[in-house]
Amino acid sequence: MEKLLSQLLETVSVAGCEEAAAQVVENFAQENGLAAYRAPIGYVAAGDVDVQGGILLAAHMDEIGLMVSCITPGGMLHVCSVGGIYIPMYFGHTVRVHTKNGVLHGSVSVNRELFRKEAKAVDILVDIGACSGEEAAQWVEVGDIVTFDSDYRMLKNNRLAGRALDDKTGVYVVMEALRRAKAAGVRTCAAACATVGEETVKNGAYAAASRLSPKRAVVVDVTYATDYEHSIPQAECGRIELGAGPVIAINPICSRREIEVLRQVAAERNLHVQYETSGSRTCTDADCIHQTGQGVETLVVSIPMRYMHSACETVDLRDLEACIELIAGYLKACEGR
């Protein structure tokens, strides 16, 4: 697996705490001769970072998680949610509490009643082994981040599973697509941006688009695969399979003209693509990018994913490679446009 992707997956970047992931992206840009800009708000852009009116490639490096909200007299940790977490996934599992002095491991309290109610974040209680609130406060502070106690793993058939593939796989795609295009001599003005806050308020994408004033934007995120028994119904958005290629969104926000350019690039490069449809927001950074300034022609290209927002999000590495080639080809197709 590529170095950038593995480093991103090994780095914790819950929304609001993306600094470590931002450094990974900045290092990648510098190692590959790309100009880099890290904004005060936290996002990182690489490539033509000081030129307006080009193409913005965007993917978010923030991930979902929990945040310590208070410490009980008995030394347990209450938490609040950061982003769209699924509460029952945490009960009876171990977690990692990320403190200024390093990682603490904890167990999430569980009993049968928790599975008989509509659980909320307040029902999550983390046991770090402390015997009192005073003892716990020696190690943990309110505001510390909590994540699943999990790492990434390779599965059969080029499948990758782990925490926060949404959307660090997308960050890898946009950065690598830009690197390949520039290395191939593509002259299109473009910047790849690892945004912050997509899982919460989408502030990073808005700030990046406001600064760069792009003519066009390609947002890379993940989307729900519908090719397995527990997936969402195919009737909602179509059949989307792992390993069958990147997914092009057809949506009121997405430019039909630029979708046709993507289709042509895919045909020329013999890339298989898939399509998903929706009649409203995309629920990605595209929702704010397309309406910045005087409006931005926007595309959404997605990576098929199983088990989104879980500790075992699963993608196919072949889809990532095809997505990179599609976007690099799109940058080439935009020369002179």
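**Group meeting: Thr223, the largest pocket, the barrel and the cysteines**

Good morning. I begin with a single residue: Thr223 is buried, at a relative accessible area of 7%. Please keep in mind throughout that we are looking at a predicted model.

Where does Thr223 sit? It belongs to strand E13, which covers residues 216-224. Leaving aside residues up to four places away in sequence, Thr223 is in contact with Ile240, Val247, Glu276, Ser302, Ile303, Pro304, Met305 and Met308.

From this residue I turn to the largest pocket. Its volume is about 540 Å³, and 27 residues line it. Which of them lie nearest the centre? They are Val222, Thr223, Tyr224, Thr282 and Cys283. Thr223, our starting point, is therefore both buried and one of the lining residues nearest the centre of this pocket.

As for the elements around the pocket, two or more lining residues come from each of E13, helix H6 (234-237), strand E14 (247-250), strand E15 (274-277) and strand E16 (297-305). Which element gives the most? That is E13, with 4 residues.

The next topic is the barrel. Six strands form a closed barrel in the order E4-E5-E8-E7-E6-E9, and their pairing is antiparallel. On average, and with direction ignored, neighbouring strands of this sheet are turned by 45° against each other. As a detail within the barrel, consider strand E7, residues 102-108, and strand E8, residues 125-127: these two pair in the antiparallel sense over 2 bridges. Which residue of E8 is the bridge partner of Ser107? The partner is Asp127.

I close with the cysteines. How many disulfides does a search of the whole structure find? The count is 0. A disulfide is a covalent bond between the sulfur atoms of two cysteines, and the cut-off applied here is a sulfur pair within 2.5 Å. Why is Cys70 without such a bond? The closest cysteine sulfur, in Cys80, is 9.9 Å from the sulfur of Cys70, which is too far for a bond. Cys288 is likewise in no disulfide; for this residue the nearest cysteine sulfur is that of Cys193, 10 Å away.

Are these two residues buried or exposed? Cys70 counts as partly exposed, because its relative accessibility is 33%. Cys288 counts as buried, because its relative accessibility is 11%, and the limit for buried is under 20%.

Thank you for your attention.

Key
Residues are numbered from 1 along each chain as its sequence is written. This is a predicted model: local features need pLDDT of at least 70, side-chain atom pairs count only at pLDDT 80 or more; totals for chains, interfaces and linings use all residues. Side-chain values use heavy atoms; hydrogens and water are left out. Buried means under 20% relative accessible area, exposed over 50%, partly exposed in between (1.4 Å probe, protein chains only). Two strands pair if DSSP finds at least two bridges between them. Axes are lines fitted to C-alpha atoms, for helices over the stretch in contact, and angles run from 0 to 180 degrees between N-to-C directions. Contact means heavy atoms within 4.5 Å. On a 1 Å grid over the protein atoms alone, a cavity is a set of points where a 1.4 Å probe fits but cannot get out, and a pocket is an open set with protein on both sides within 12 Å along at least five of seven lines; lining residues have an atom within 4 Å of a point. Grid points are joined across faces, edges and corners, and a volume is the space filled by probe spheres set on the points.
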